[in-house]
Amino acid sequence: MKSPEDNKTSASEHPFQRALLINIGLIVVAAFLIIWLALAWLDVWTSHGKYDTVPQVKGLSYDLAVGQLESAGFEVELADSVYDSKTRPGTVVEQNPKVGTKVKEGRVVYLTITAFEPKMVVVPMLTDVSERQARSVLEALGIKQVRSVKVPSEYKDLVIRVSRDGVPLTPGARIPVNSVVTLDVGEGYAVADSIDADVTSPAEDQDYSHYFD
């Protein structure tokens, strides 16, 4: 049988337990409320669920493309330029992300345009090598217009001289990639033809890698 003192102690403990449970409940509710508010704020901050569709700007001038993209809420950066003689300079030829892509508001769109001037390349040593090798080197540099002119020489198919518009090209010269390069190639004497029709030079073993961009 409980004494009056035990009943008094038990009665005093109940209000304390209730207060403790109420405080714990309030803390849990406050924690959930804080988490909910944080997630709601994060959604607003990151524009969760809101997307913009990238418009088509390929084929437009760079200025017009920038105007359209910025008015649609995008940022624009010029990624690269390529030379194309068949396309008006300053025309957008590539965009990233592609047209129709759904992206976050304010996303950067990277544009590639046609260059206003052709790319410049450095001409390496091309004399005393075979015509075939000289052509391969020039084409690797991006020079597609290469002419060959046969000139008197005992070395058949060996490059004797390299020129552009009649001006000799020395190693290290910088020329536009759309230049027409002329190779003076040895035609080989009759005696040389009967002995060896494919005379080459040790210069063919040269390393041209440092001339490439």
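At 22% relative accessibility, Asp 157 counts as partly exposed. In this predicted model, the side chain of Asp 157 meets that of Lys 150 in a salt bridge, 3.0 Å from N to O. Lys 150 is partly exposed too, with a relative accessibility of 44%.

**Salt bridges**

How many salt bridges are there in the count? The total comes to four. Side chains of opposite charge can pair when their charged atoms come close. Here are three pairs to look up in the viewer, with the N to O separation and the relative accessibility of each partner.

| Pair | N to O | Accessibility of the acid | Accessibility of the base |
|---|---|---|---|
| Asp 157 and Lys 150 | 3.0 Å | Asp 157, 22% | Lys 150, 44% |
| Glu 94 and Lys 98 | 2.3 Å | Glu 94, 30% | Lys 98, 48% |
| Asp 184 and Arg 161 | 3.5 Å | Asp 184, 12% | Arg 161, 31% |

The pair of Asp 184 and Arg 161 deserves a second look. Asp 184 counts as buried at 12%, because the cut-off for buried is under 20% relative accessible area. Its partner Arg 161, at 31%, is partly exposed. Asp 184 belongs to strand β11 and Arg 161 to strand β8 (residues 159-164), so their salt bridge ties together parts that are 23 residues apart in sequence.

**The loop before β11**

Strand β11 (180-186) also leads us to Ser 179, which sits in the loop between β10 (174-176) and β11. Is Ser 179 buried or exposed? With a relative accessible area of 4%, Ser 179 is buried. Its side chain reaches the backbone oxygen of Pro 176 at 2.7 Å. Leaving aside residues up to four places away in sequence, Ser 179 touches Ile 143, Gln 145 and Arg 164.

**Helix α2 and its two faces**

Now for a helix: α2 spans residues 62-71, and within it Ala 65, Val 66 and Leu 69 are buried. Why do these three fall on the same side of α2? They cover an arc of only 100° around the axis, which puts them there together. An α-helix has 3.6 residues a turn, so residues three or four places apart point the same way.

What covers this buried side? The elements in contact with the buried residues of α2 include β2 (75-82), β3 (92-96) and β5 (108-114). On the face turned away from the buried side, you will find the exposed residues Asp 63 and Ser 71. After α2 comes Gly 73, with a positive phi near 95°.

Technical notes:
Residues are numbered from 1 along each chain as its sequence is written. This is a predicted model: local features need pLDDT of at least 70, side-chain atom pairs count only at pLDDT 80 or more; totals for chains, interfaces and linings use all residues. Side-chain values use heavy atoms; hydrogens and water are left out. Buried means under 20% relative accessible area, exposed over 50%, partly exposed in between (1.4 Å probe, protein chains only). Helices (H or I, at least four residues) and strands (E, at least two) are DSSP runs, numbered from the N terminus. The arc is that of the directions from the helix axis to the C-beta atoms. Contact means heavy atoms within 4.5 Å. A polar contact is a pair of N or O atoms within 3.5 Å; within protein, one must be able to donate a hydrogen and the other to accept it, and residues adjacent in sequence count only if both atoms are side-chain atoms.
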